[in-house]
Amino acid sequence: MESIKVRRRVGQDGILHLDIPVGLTERDVEVMVIYQFVSSPIVTGRSLERFYGICADDPIVLDDSGIAESLDDDLTGAFD
């Protein structure tokens, strides 16, 4: 038995259309559908706009000094 979770939008006709490739041909399958209303809208693609300004109160400052050795974590023996 395989489980596939998909999120689809019900059309204006009130019918949910599902096209689910299962990788089988010429076989009988039993299908069970359980649906649940989702209140959040479907996001198509990811946007970085929601992260804009998150470091405004703690800006990252780069200089020519490089990275100080004292900032490195001491991981000696951590993976033995």
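## Exposure of individual residues

I20 has a relative accessibility of 36% and is classed as partly exposed, because the partly exposed class lies between the cut-offs of 20% and 50%. This value belongs to a predicted model.

E26 has a relative accessible area of 82% and is therefore exposed, since exposed residues are those over 50%. The backbone of E26 shows a phi near 50 degrees, a positive value in a residue other than glycine.

## Chain overview

The protein chain contains 80 residues, and buried residues account for 0% of them. Its secondary structure amounts to 0 helices and 0 strands. The chain has an accessible surface of about 9400 Å², with 53% of that area belonging to carbon and sulfur atoms.

## Nonpolar surface patch

I20 is also one of the residues that make a nonpolar surface patch of about 930 Å². The other members of this patch are I4, V6, V10, L16, L18, V22, L24, V29, V31 and V33.

## Largest pocket

The largest pocket holds about 1600 Å³ of space. Its lining comprises 32 residues, of which I4, V6, M32, V33 and I34 are the closest to the pocket centre. By residue class, the lining of the largest pocket consists of 19 nonpolar, 9 charged and 4 polar residues.

I4, V6 and V33 are named both in the nonpolar surface patch and among the lining residues closest to the centre of the largest pocket.

Note on methods: Residues are numbered from 1 along each chain as its sequence is written. This is a predicted model: local features need pLDDT of at least 70, side-chain atom pairs count only at pLDDT 80 or more; totals for chains, interfaces and linings use all residues. Side-chain values use heavy atoms; hydrogens and water are left out. Helices (H or I, at least four residues) and strands (E, at least two) are DSSP runs, numbered from the N terminus. Buried means under 20% relative accessible area, exposed over 50%, partly exposed in between (1.4 Å probe, protein chains only). Accessible areas come from the Shrake-Rupley method with a 1.4 Å probe; for residues, only the protein chains shown count as cover. Patches are made of residues with over 30% relative accessible area and no salt bridge: like charges are joined within 9 Å, nonpolar side chains (Val, Leu, Ile, Met, Phe, Trp, Tyr) within 5 Å. A salt bridge is a side-chain nitrogen of Lys or Arg within 4 Å of a carboxyl oxygen of Asp or Glu. On a 1 Å grid over the protein atoms alone, a cavity is a set of points where a 1.4 Å probe fits but cannot get out, and a pocket is an open set with protein on both sides within 12 Å along at least five of seven lines; lining residues have an atom within 4 Å of a point. Grid points are joined across faces, edges and corners, and a volume is the space filled by probe spheres set on the points. Ala, Val, Leu, Ile, Met, Phe, Trp, Tyr, Cys and Pro count as nonpolar, Asp, Glu, Lys and Arg as charged, and the others, Gly among them, as polar.
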